[in-house]
Amino acid sequence: MCAGHGASQLGDSTDLVADRNLAFSEMTLLTIPPNGTLTDEPISHLGEDAIFVLEGKLQLTLGCKTCLLEAEDSAQYEAQIPHNLENVGDSIARIVMAVSPPFLGL
């Protein structure tokens, strides 16, 4: 499970809690193939991101920390911290991602 950046474990899900709450203005369903990544390089931007894993096994990189996320896990974090997701499982990973302000030019 995750450690650092305000990580806490609640039941079967892991939450990386940002310091402030922003109204999310863009949500999308994303599919990442095995060994695939969300972006080629870690990205950072103003605002806040939140993800919910529907299926698959992902490694969230947040700055110099990493966290393993599986189905029904979630994470919320300050998007200024360089971040990326990598599918470390053998099958596709599907997530719901919420981004504020809108940014998903992926």
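Mentor: A residue is called buried under 20% relative accessible area, exposed over 50% and partly exposed in between, with a 1.4 Å probe and protein chains only. The model is predicted, so that local features need a pLDDT (the predictor's confidence in each residue, from 0 to 100) of at least 70 and side-chain atom pairs count only at 80 or more, while totals for chains, interfaces and linings use all residues. Residues are numbered from 1 along each chain as its sequence is written, and side-chain values use heavy atoms, with hydrogens and water left out.

Trainee: Which elements make up the secondary structure of the protein chain, and how many are there?

Mentor: Helices (H or I, at least four residues) and strands (E, at least two) are taken as DSSP runs and numbered from the N terminus. Read in that direction, the elements run β-β-β-β-β-β-β-β-β. The count is therefore zero helices and, under the definition just given, nine strands.

Trainee: What is the average pLDDT of the protein chain?

Mentor: Over residues 3–19 the pLDDT is below 50, although this stretch has 44 contacts (heavy atoms within 4.5 Å) in the model beyond near neighbours in sequence. Across the chain, 73% of the residues score at least 70, and the average pLDDT is 82.

Trainee: Which strand gives the most to the largest nonpolar core?

Mentor: Such a core is a set of buried Ala, Val, Leu, Ile, Met, Phe, Trp, Tyr and Cys residues joined through side-chain atoms within 4.5 Å. The largest one has 17 residues, and those with the most contacts inside it are Ile51, Leu85, Ile95 and Met97. At least two core residues come from each of strands 3 (26–32), 4 (48–55), 5 (57–62), 6 (65–70), 7 (74–78) and 9 (93–100). The most, four residues, come from strand 9.

Trainee: Is Asn87 buried or exposed?

Mentor: Asn87 is found in strand 8, residues 83–87, and a polar atom of its side chain lies 2.9 Å from the backbone oxygen of Ile32. Leaving aside neighbours within four places in sequence, Asn87 is in contact with residues including Pro33, Pro34, Lys57, Leu58 and Ile92. Its relative accessibility is 0%, and Asn87 therefore counts as buried.

Trainee: Which residue does Arg94 meet in a salt bridge?

Mentor: Side chains of opposite charge can pair when their charged atoms come close. The criterion is a side-chain nitrogen of Lys or Arg within 4 Å of a carboxyl oxygen of Asp or Glu, and the structure holds one such pair. With an N to O distance of 2.7 Å, the partner of Arg94 is Glu55.

Trainee: How many residues apart are the two ends of that pair?

Mentor: Arg94 counts as partly exposed at 27% relative accessibility, and Glu55 likewise counts as partly exposed at 31%. The pair links distant parts of the chain, with Arg94 in strand 9 and Glu55 in strand 4, and the separation in residues is 39.

Trainee: Where is Glu72 found?

Mentor: Glu72 has a relative accessible area of 55%, and is therefore exposed. Its C-alpha atom is separated by 9.6 Å from that of Gly56, 16 residues apart along the chain. Glu72 is found in the loop between strand 6 and strand 7.

Trainee: What distance in space separates Lys65 and His83, C-alpha to C-alpha?

Mentor: Lys65 is found in strand 6 and counts as partly exposed at 37% relative accessibility. Lys65 and His83 are 18 residues apart in sequence, and their C-alpha to C-alpha distance is 9.5 Å.

Terms used:
A polar contact is a pair of N or O atoms within 3.5 Å; within protein, one must be able to donate a hydrogen and the other to accept it, and residues adjacent in sequence count only if both atoms are side-chain atoms.
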